[in-house]
Amino acid sequence: MKWVPLGLVRYTFCLGGLSVFFFLLCILTGPFLMMYYIPSVDRAWADVQDLSNVVPFGRFLRNLHRWSGTLMVICVPVHMLRVFLQGAYKPPRQLNWLVGVTLLLLTYLMAFTGYLLPWDNEAYWAATVGMTMGENSPIVGSKGPFSILSQDKDIAYILRGGTMLGQPSLTRFFFAHCVAIPGAMAGLMGLHFFNIHKAGGMSGPL
Ligand code: HEM
Ligand code: HEM
């Protein structure tokens with residue numbers, strides 16, 4: 001650790017704690033957005049406009065949600081970097097590293113699916129890029145290397161709910177963003193904290 005500048009990386013900077021904080025802010029503000037947002041391809045964009053311009057405190061809640069999500073996307077990888085620089089991934093904490101990597105991927109998926117919900121041009125084309133990546137993925141994509149699945153059974157088809165982007169896609173993104181991924185993340189966070197307890201607490205000072 002002698003090469004680390006000023007020994008600064010001895011501390012956690014509470015980056016994991018900040019990630020939890022921003023996650024909780026998203027969980028708190030998300031349901032309020034849900035009260036006005038209807039995941040329909042015809043209504044989503046108008047609902048998001050209403051949230052920003054008509055609903056009392058709508059713009060505030062939307063911005064709080066968006067900024068919390070963005071700050072979480074920054075804090076989680078920096079927390080990972082801290083764990084790496086301290087060597088806190090070494091036994092007995094190796095399982096927690098793996099749980100962490102899964103949490104990192106799920107955080108990115110949350111940001112991605114959230115970005116799609118307003119169903120504007122940006123969302124549509126981002127979804128198109130995401131689905132093309134799915135199609136071209138190895139094994140699970142119909143056009144990727146070592147493909148074993150046909151176009152109507154591959155990962156992009158499942159995520160989109162068909163061969164074209166449309167209402168089934170938005171419904172799936174909504175369910176993933178508001179129920180499936182946050183549920184999985186809450187469970188994994190519980191495991192993450194239990195693992196810290198099992199390893200006899202933190203590897204160093206907060
Ligand atoms: C890790 C947690 C979360 C992250 C990173 C996240 C991220 C995002 C992002 C980036 C947007 C787009 C915001 C915008 O266009 O201004 C969004 C929208 C949305 N999120 Fe989340 N979110 C999270 C959790 C949740 C939860 C738990 C719920 C509901 C229970 C939720 C409900 C919504 C709704 C309804 C929208 C659409 C409204 C809008 O675009 O303003 N989010 N989210
Ligand atoms: C949603 C994402 C995450 C949350 C909410 C979270 C939360 C936390 C919290 C609150 C701590 C206690 C210490 C601190 O605040 O730094 C911690 C420790 C830890 N985290 Fe995370 N974490 C996340 C992602 C990750 C990632 C991506 C990794 C690595 C791949 C990771 C690996 C670890 C390890 C190994 C420890 C124990 C560190 C030690 O004992 O010094 N976590 N995490």
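Start by selecting ligand 2: 28 residues surround it, and His79, Arg82, Arg93, His192 and Ser203 are the closest. (A residue counts as near if one of its heavy atoms lies within 4 Å of the molecule.) Before you click on, note that this is a predicted model, where local features need pLDDT of at least 70, side-chain atom pairs count only at pLDDT 80 or more, and totals for chains, interfaces and linings use all residues. Residues are numbered from 1 along each chain as its sequence is written, chains are lettered from A and ligands numbered from 1 in the order in which they are written, and side-chain values use heavy atoms, with hydrogens and water left out.

**Stop 1: ligand 2**

Show Ser203 as sticks: a polar atom of its side chain lies 2.5 Å from an oxygen atom of ligand 2. Arg82 is next, with a side-chain N or O atom 3.0 Å from a ligand 2 oxygen. For a backbone partner, pick Gly16, where an N or O atom of the main chain sits 3.3 Å from an oxygen of ligand 2. (A polar contact here is a pair of N or O atoms within 3.5 Å; within protein, one must be able to donate a hydrogen and the other to accept it, and residues adjacent in sequence count only if both atoms are side-chain atoms.)

Now turn on a pocket surface: ligand 2 takes up the second largest pocket. The elements giving two or more residues to its shell are α1, α3, α4 and α7. (Helices are DSSP runs of H or I, at least four residues, and strands are E runs of at least two, numbered from the N terminus.) Colour the shell by class and you get 15 nonpolar, 11 polar and 2 charged residues. (Ala, Val, Leu, Ile, Met, Phe, Trp, Tyr, Cys and Pro count as nonpolar, Asp, Glu, Lys and Arg as charged, and the others, Gly among them, as polar.)

**Stop 2: ligand 1**

Which residues come nearest to ligand 1? Of the 20 around it, they are Arg62, His65, Arg66, Gly114 and His177. Draw a distance from the Arg62 side chain, and an N or O atom there is 2.8 Å from an oxygen of ligand 1. Arg66 has a polar side-chain atom 3.0 Å from a ligand 1 oxygen. With His177, the partner is a nitrogen atom of ligand 1, 2.8 Å from a polar atom of the side chain.

The shell draws two or more residues from each of α1 (15-36), α3 (58-86), α4 (94-116) and α7 (167-198). α1 gives the most, with 7 residues. By class, the shell holds 13 nonpolar, 5 polar and 2 charged residues.

**Stop 3: backbone oddities**

Switch to a backbone view. Most residues other than glycine have a negative phi, and most peptide bonds are trans. Cys14, in the segment before α1, has a positive phi near 55 degrees. Next, go to the loop between α3 and α4, which holds Pro92. A cis peptide bond joins Pro91 and Pro92, with omega about 5 degrees.

Follow α7 to Ala176, where the helix bends by about 45 degrees. (The bend is the angle between axes fitted to the seven residues ending there and the seven starting there.) Just past α7, Gly200 has a positive phi of about 85 degrees.

**Last stop: zoom out**

The chain has 7 helices and 0 strands. Its C-alpha atoms fill a box of roughly 55 × 50 × 30 Å along the principal axes.

Notes: 1 Å grid on protein atoms, 1.4 Å probe; cavity = no way out; pocket = protein on both sides within 12 Å on 5 of 7 lines; lining within 4 Å. Sits in = over half its atoms within 2 Å of the grid points.
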